[in-house]
Amino acid sequence: MNMTTPSPALPIPAAEPALAGGELPKAARPGTHIRSFVHRRGHITLSQKEALETLTDTWSLPYTDRHISFAQVFGREAPTVLEIGFGMGETTEKIALAQPERNFLGVEVFNAGVGAMLRRIEDSGLRNVRIVQHDAVEVMRDMIPPASLAGVHIYFPDPWPKKRHHKRRLIQPAFIELLATRLAPGAYLHCATDWQPYAEQMLEVLSGEPQLCNTCEGYAERPAWRPQTKFETRGLRLGHGVWDLIFERPPASRYSPRADA
Ligand SMILES: C[S@@+](CC[C@H](N)C(=O)[O-])C[C@H]1O[C@@H](n2cnc3c(N)ncnc32)[C@H](O)[C@@H]1O
């Protein structure tokens, strides 16, 4: 296991060819999904800008429409957890420091957030984090091999509270169907939100996905290993509640109980 040398950036040979669009859930087919974000200029600090300029080649992978090999990207064989929308990356950093035996692939579209995360990787000496700056739906669809992930974290995705914007919410049946195919048997999906109507939508969508099982009755307690996120802190200040959901893709044996017979 080599955790000291950053692995080279892409191009990485495809482990398997990407699926043809017709094999994917409808809304995940190329060109058919509504994005869960809008590009915004936003403020970026000098340090974040400098990190983007100097550290991207070392710690970021460019988007590719081919499946990647985690062993090549991280330079070791280890369970890999994908996080969607890490924001400024403070939670990702804490979890990755606390779980050095796992790889963390963070996906974020926001320049300042990616710059901040690159800075954290460098300053904390993190060797188990890589970044893709791209739409997570396309990353999941095109870069992540089927049944390859040990877990997925989606913490406080944009709630899009206005009714006319609900279609932008990330947690939708077609995306969750796609995501579930990327989880290895026994792997988990952990979501959290501070927006009750979105929590209810999450519970309905995740419960309705036949490839997933709820690990709890309804909502879960926040596990001790999930630190409070920046967005969560803001929500709590506004008097919001917090809802965690932890679903899993059942181990293969539970799909076919006679497999060992
Ligand atoms: C409300 S913030 C939450 C950030 C962080 N998880 C937290 O709890 O503080 C949601 C983040 O998700 C990112 N995001 C939204 N849709 C995305 C997508 N399709 N792919 C990648 N990132 C996305 C946004 O840029 C934003 O930084």
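Helix 8 contributes the largest share of the shell around the ligand, 3 residues. The structure described here is a predicted model.

**The ligand shell**

In total, 23 residues surround the ligand, and the closest are Gly85, Gly87, Ala136, Thr229 and Phe231. Helix 5 and helix 8 each provide at least two residues of this shell. Sorted by class, the shell consists of 13 nonpolar, 5 polar and 5 charged residues.

**Annotated positions**

An unreviewed UniProt entry carries the annotation "binding site" for Lys162, Asp194, Thr229, Lys230, Phe231 and Glu232. Two of these positions, Thr229 and Glu232, are set out below.

| Residue | Other C-beta atoms within 10 Å | State |
|---|---|---|
| Thr229 | 22 C-beta atoms | buried |
| Glu232 | 20 C-beta atoms | buried |

Thr229 is located in the loop between strand 7 (213-214) and helix 8 (230-237). When neighbours within four places in sequence are left aside, Thr229 is in contact with Thr91, Tyr155 and Phe156. Glu232, by contrast, belongs to helix 8. Not counting residues up to four places away in sequence, Glu232 touches Phe156, Asp194 and Val242. Phe156 is thus a contact of Thr229 and also of Glu232, while Asp194, another contact of Glu232, is itself covered by the "binding site" annotation. Why does Glu232 count as buried? A residue is buried if 20 or more other C-beta atoms lie within 10 Å of its own, and Glu232 has 20.

**The sheet**

The model contains an open sheet of 8 strands, arranged in the order 1-4-3-2-5-6-8-7 with mixed pairing. Its edge strands are strand 1 (60-61) and strand 7, each of which pairs on one side only. Strands of a sheet pair through backbone hydrogen bonds, either parallel or antiparallel. Strand 1 and strand 4 (residues 129-132) run parallel and are joined by 2 bridges. Within strand 4, Ile131 stands opposite Ser60.

**Helix 6**

Helix 6 (residues 173-182) is largely enclosed by the rest of the structure, because 8 of its 10 residues are buried. The buried residues are Phe175, Ile176, Glu177, Leu178, Leu179, Ala180, Thr181 and Arg182. Their cover includes two helices, helix 5 (136-142) and helix 7 (196-207), together with strand 5 (149-155) and strand 6 (183-193). Helix 5 therefore appears in two settings: it is part of the cover over helix 6, and it supplies at least two residues of the shell around the ligand.

Methods
Residues numbered from 1 in each chain as written. Predicted model: local features only at pLDDT ≥ 70, side-chain atom pairs only at ≥ 80, totals over all residues. Buried ≥ 20, exposed ≤ 12 C-beta atoms within 10 Å, placed from the backbone. Helix = DSSP H or I, 4+ residues; strand = E, 2+ residues; numbered from the N terminus. Contact = placed C-beta atoms within 7 Å. UniProt positions renumbered as here; feature names shortened; annotations may be inferred. Pairing = 2+ DSSP bridges. Near = placed C-beta within 6 Å. Nonpolar A, V, L, I, M, F, W, Y, C, P; charged D, E, K, R; others polar.
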